[in-house]
Amino acid sequence: MPLARRLGLADAVFIGLGSMIGAGVFAAFAPAARAAGSGLLPALAVAALVAYCNATSSARLAALHPESGGTYVYGRARLGEFWGYIAGWGFVVGKTASCAAMTLTVVAYAAPGLGQPWRSLLAVGVIGLVTGVNYLGVHRSALATRVIVCITLLVLTLVAIFGLSGEHVSAWTPFRGGGVLEAAGLLFFAFAGYARLATLGEEVRDPARTIPRAIPIALGLTLVVYAVVAVVLLVTLGPDGIGASPDPLASAVPGLSTAVRAGAVVAALGSLLALVLGVSRTTLAMARDGHLPRFLTAVHPRFSVPHRAELAVGVVVAVLATTTDLRGAIGFSSFAVLGYYAVANAAALTLRRDEGAAPKVVAAGGLAGCAVLAFSLPVASVVSGCLVLGFGAAAYAVRRRGIAR
C-alpha cells in the first residue's frame, strides 16, 4: 500500500531544515576555525555547495529507485554490488562516528570543564540512555522534530542578537591556505541530514517538481543561519577564540550560556536518537544481505526493533566516545560520509535524460567536491578513514571468494 502524498513544498522545506539544523552547528565551528582562521565563511560556502550537489544527485536517484537504503541501493543498481556495499559500509561507519560526535557534544555542553574519567562515564551514560530509548521502540516523531528544530533556532537567534550587541574582538587571524578546504570538510558535518529530502518521493505531492525546489530552499536557509552564526562567533570570539573553546556558542554569549548549553544538549540528544535509529536500520539491511553478521538481523518479538543491531551500534559508539576527541570523530565521520556521497554522485552520472538526470556538471562537481574535501581533512581522519573503508572492501572480497567456492 503506497504512502499518502500529503506533503507540500513548505512541509518538505521544514523537514529539510529539521534534518540539517541540529547539533552539528554547536560542534563543527571550533575545529573548522582552528583549520581556516578567518576563512570560516568561504569554507562554509564550499561545504554548502558540495552538499547541494550531493542532495540533488540523491534526489534524482531516489525518484528512480524509491527503496529504503539510499546510496546502498543506488550504487548497487547503477554501478554494481560492490559500490552499493561500500556506500552502505561508509554510511554505517561514518554515521556511527557521528553518533560519537553527538555524544561528545552533549558532554561538552552539559558538563563543561568535567575531567576524566567522569567525561567518559557521562558519555557512556548518554549513549546507554539513547540506546535504551530506541530499544523500547520510542523515537523522534515528526512533532518532536519540529519542537527540537524550533528550540535550536530560538537558541541560535538569541546567540545572534546578544552576540552582535555585546563586546567584539578586533584581531582576526588571516586565511590559513589549504585550511579552508580542511574546514569545509569539517563543516560538511553540520549539513548532514539534507539527503532526508531525497527519501520523500512517496509522500510528497508532485515529487518531481517539489523535491528539486525544496532542496535549494532548505539548503539556502540553512546556509544563511550558519553564516549568521559564523559571523557572530567571529566578531565575538575571533577565530582563535572559537577554536580554543569546547562550547563556542555558549562562550560567545556568557550571559546566556546556561540557555545555550541546554539548547545544545536538546539538539544533540535529538540528533543522536535519530542517528542511532538510522544506523541500526542500515546495519539490519546489510546484515540481511549477508554483508554484516546475520545475528544482527534479529527483531525483538515485543518491541519490534532490531535490538541486536541497536545494542551493537551502542557499544561501538560508547567505545568511540571514550577513546577519541570531538575533532577526530567529526573528521572521520565526514570522510566516510563524503565517500558515501561520492558513490551517489557517480551513480547519478549514469542517469539518462529520460530518467530525470540533472545537468552532468552537478553530479561531476559533487563527485569532485567529495573527493577534494575528503582528502583535505586532517591526516589522522584520512588515514583512519582509508583503513576502515579498506577493511570493509577486504571483508567484501573475502565473502565473495567464499561464495564462489
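A cavity is a set of grid points where a 1.4 Å probe fits but cannot get out. The views below show a predicted model.

**View 1. The second largest cavity is lined in part by helix H4 and helix H16.** This cavity has a volume of about 50 Å³. Its lining includes Thr56, Ser57 and Arg60. Ala348 and Leu351 also line the space. So do Ala357, Ala358, Pro359, Lys360 and Ala363. H4 and helix H16 (360-374) each supply at least two of the lining residues. H4 gives the most, with three residues. By class, the lining holds six nonpolar, two polar and two charged residues.

**View 2. The largest cavity draws lining residues from helix H6 and helix H15.** The structure holds two cavities of 30 Å³ or more. About 60 Å³ of space lies in the largest of them. Ten residues line it. Those nearest its centre are Lys95, Phe188, Phe189, Ala192 and Val337. Helix H6 (81-110) and helix H15 (326-348) each supply at least two lining residues. The largest share, three residues, comes from H15. Six of the lining residues are nonpolar, three are polar and one is charged.

**View 3. Arg78 and Glu355 meet in a salt bridge.** The structure holds five salt bridges, and this view shows one of them. The N to O distance between the two side chains is 3.0 Å. Arg78 lies in helix H5 (residues 71-78), and Glu355 lies in the loop between H15 and H16, so the pair ties together parts that are 277 residues apart in sequence. Both Arg78 and Glu355 are buried.

**View 4. Asp354 and Arg352 form a salt bridge.** Their side chains come to 3.1 Å, N to O. Asp354 counts as exposed because its relative accessibility is 63%. Arg352 counts as partly exposed, at 47% relative accessibility. The view also takes in a wider set of contacts: Arg78, Arg352, Asp354 and Glu355 are linked in a network of salt bridges. Two members of this network, Arg78 and Glu355, are buried, whereas Asp354 is exposed.

**View 5. Arg327 pairs with Glu182 in a salt bridge.** The closest N and O atoms of the two residues are 2.6 Å apart. Arg327 lies in helix H15 and Glu182 in helix H9 (residues 179-187), so the pair ties together parts that are 145 residues apart in sequence. Arg327 is partly exposed, with 29% relative accessibility. Glu182 is buried, because its relative accessible area is 16% and the cut-off for buried is under 20%. Helix H15, which carries Arg327, also contributes to the lining of the largest cavity shown in View 2.

**View 6. A nonpolar patch on the surface is formed by Leu41, Leu164 and Val231.** Together these three residues have about 210 Å² of accessible area. Leu41 lies in helix H4 (residues 40-64). Its relative accessibility is 32%, so Leu41 counts as partly exposed. Helix H4 thus appears in two views: it carries Leu41 of the patch, and it supplies three residues to the lining of the second largest cavity.

Technical notes:
Residues numbered from 1 in each chain as written. Predicted model: local features only at pLDDT ≥ 70, side-chain atom pairs only at ≥ 80, totals over all residues. Heavy atoms only, no water. Patch = residues over 30% accessible without salt bridge, like charges linked within 9 Å, V, L, I, M, F, W, Y side chains within 5 Å. Areas by Shrake-Rupley, 256 points an atom, 1.4 Å probe, with all protein chains shown as cover. Salt bridge = Lys/Arg side-chain N within 4 Å of Asp/Glu carboxyl O. Helix = DSSP H or I, 4+ residues; strand = E, 2+ residues; numbered from the N terminus. Buried < 20%, exposed > 50% of the residue type's maximum accessible area, 1.4 Å probe, protein only. 1 Å grid on protein atoms, 1.4 Å probe; cavity = no way out; pocket = protein on both sides within 12 Å on 5 of 7 lines; lining within 4 Å. Points joined across faces, edges and corners; volume = space filled by probe spheres on them. Nonpolar A, V, L, I, M, F, W, Y, C, P; charged D, E, K, R; others polar.
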